[in-house]
Amino acid sequence: MTRILVVDDEPQIRKALSVNLTARGYEVDLAGSGEEGLALAAARHPDLVLLDIGLPGIDGVEVVRGLRGWSTVPIIMLSVREAEADKVRALDAGADDYVSKPFGMDEVLARMRAALRRHQPAPEEAKVTTAHFTLDLGDRSVQRADGAPAPHLTPTEWAIVEALVRHPGRLVTQRQLLQTVWGPQYERETNYLRVHLAAVRKKLEPEPGRPRYFLTEPGIGYRFHPDARA
């Protein structure tokens with residue numbers, strides 16, 4: 001049975017999540033502080049963590065850093081904070097996704113399912129197939145579904161594409177992409193990403209002006225959705 005750790009200082013939220021998750025067959029552990037959450041995670045080894053950013057004592061970002069010191073468990077942040085900087089801090093620390101409060105249970109469950117799917121090990125040399133193209137990450141080639149000549153991606157474009165498609169559905173921050181592709185000294189050069197993502201979309205998206213696969217989270221980062229539909 002899938003075990004979920006909920007870390008939130010609001011009793012009503014802990015109760016609501018516990019009732020809803022238990023009713024759907026999950027095992028649930030509850031913590032009201034970051035310190036308690038870290039202790040429970042170490043003792044119970046959850047399959048996924050729902051974690052509030054604004055905790056008393058150790059805040060959610062510090063909990064993420066603590067977990068990432070020894071675990072790759074999926075972490076979804078819960079936050080009433082609207083500032084992009086708070087979300088980016090959590091994502092850069094190692095969180096997988098976030099849900100803004102107040103949230104609907106259907107959205108939380110959908111993001112949980114997606115995070116748990118992504119956490120399954122994938123082949124190191126995988127082919128990623130969409131309705132419009134197939135990417136072979138092993139030999140770095142593209143095939144178009146309509147049989148048209150395959151577009152040529154530059155090494156930089158490939159690096160960006162690979163960083164996104166190896167984490168399908170996951171939000172990858174601008175800083176993470178810049179550090180991965182160009183290095184730490186370029187982590188503020190967000191204009192690099194805009195230029196190269198525009199080129200990637202022109203080559204791979206059926207409608208570059210209305211992207212289906214390479215999506216932007218304004219001011220935060222990008223997601224790759226392989227199962228996008230027309």
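## Burial and overall dimensions

Of the 230 residues in the protein, 46% are buried, a figure that, like every other value in this report, is computed from a predicted model. The radius of gyration is 19 Å, which agrees with the value near 17 Å that a compact globule of 230 residues would have. Taken along the principal axes, the C-alpha atoms fill a box of roughly 55 × 40 × 30 Å.

The surface that the protein exposes comes to about 11400 Å², and carbon and sulfur atoms supply 51% of this area. Among the contacts with a separation of 6 or more, 57% are accounted for by residues 24 or more positions apart. The secondary structure comprises 8 helices and 11 strands.

## Strand E3 and its neighbours

Strand E3, which spans residues 48–52, is mostly covered, with 5 of its 5 residues buried. The cover extends to both faces of the strand: Leu48, Leu50 and Asp52 are buried on one side, and Val49 and Leu51 are buried on the other.

Strand E1 (residues 3–7) pairs with E3 in the parallel sense over 4 bridges, and within this pairing Ile4 stands opposite Leu48. Strand E4 (residues 75–79) also runs parallel to E3 and is joined to E3 by 4 bridges, with Leu50 of E3 standing opposite Ile76 of E4. Between E3 and E4 the chain passes through helix H3 (residues 60–68), and the resulting β-α-β crossover is right-handed.

## Strands E1 and E2

E1 has a further parallel partner in strand E2 (residues 27–31), to which 5 bridges connect it; here Arg3 stands opposite Glu27 of E2. Helix H1 (residues 11–23) belongs with these two strands, since E1, H1 and E2 make a right-handed β-α-β unit.

## Aromatic pairs and cluster

A search of the whole structure finds 4 aromatic pairs. One of them is formed by Phe133 and Phe214, whose rings are stacked, with 6.5 Å from centre to centre and 10 degrees between the planes. Because Phe133 lies in strand E7 (residues 133–136) and Phe214 in strand E10 (residues 214–217), this pair ties together parts of the chain that are 81 residues apart in sequence. Both Phe133 and Phe214 are buried.

Phe214 also pairs with Phe224: the ring centres are 5.1 Å apart and the planes stand at 40 degrees, so this pair is tilted. Since Phe224 lies in strand E11 (residues 221–224) while Phe214 lies in E10, the parts that this pair ties together are 10 residues apart in sequence. The relative accessible area of Phe214 is 0%, and the residue is therefore buried; Phe224 is likewise buried, with a relative accessible area of 0%. Together with Tyr213, the residues Phe133, Phe214 and Phe224 form one aromatic cluster.

## Helix H7 and its cover

Helix H7 (residues 174–181) contains the buried residues Gln174, Gln176, Leu177, Leu178 and Val181. In an α-helix, which has 3.6 residues a turn, residues three or four places apart point the same way. The elements that cover the buried residues of H7 include helix H4 (84–93), helix H6 (155–165), helix H8 (190–204), strand E9 (172–173) and E11. E11 is also the strand in which Phe224, a partner of Phe214 in the tilted pair, is found.

Just after H7, the backbone at Gly183 takes a positive phi of about 115 degrees.

## Backbone details in two loops

The peptide bond from Lys101 to Pro102 is cis, and its omega is near -10 degrees. Pro102 is located in the loop between strand E5 (97–100) and helix H5 (105–118).

A second loop, between helix H2 (34–44) and E3, contains His45. The phi of His45 is near 50 degrees, which is a positive value in a residue other than glycine. The strand that follows this loop is thus the mostly covered E3, with 5 of its 5 residues buried.

Terms used: Residues are numbered from 1 along each chain as its sequence is written. This is a predicted model: local features need pLDDT of at least 70, side-chain atom pairs count only at pLDDT 80 or more; totals for chains, interfaces and linings use all residues. Side-chain values use heavy atoms; hydrogens and water are left out. Buried means under 20% relative accessible area, exposed over 50%, partly exposed in between (1.4 Å probe, protein chains only). Two strands pair if DSSP finds at least two bridges between them. A crossover is right-handed if, with the strands pointing away from the viewer, the path from the first strand over the helix to the second runs clockwise. The radius of gyration is taken over C-alpha atoms; the globule rule is 2.2 Å times the number of residues to the power 0.38. Contact means heavy atoms within 4.5 Å. Accessible areas come from the Shrake-Rupley method with a 1.4 Å probe; for residues, only the protein chains shown count as cover. Rings of Phe, Tyr and Trp (its six-membered ring) pair if their centres lie within 6.5 Å; planes under 30 degrees apart count as stacked, over 60 as edge-to-face and the rest as tilted.
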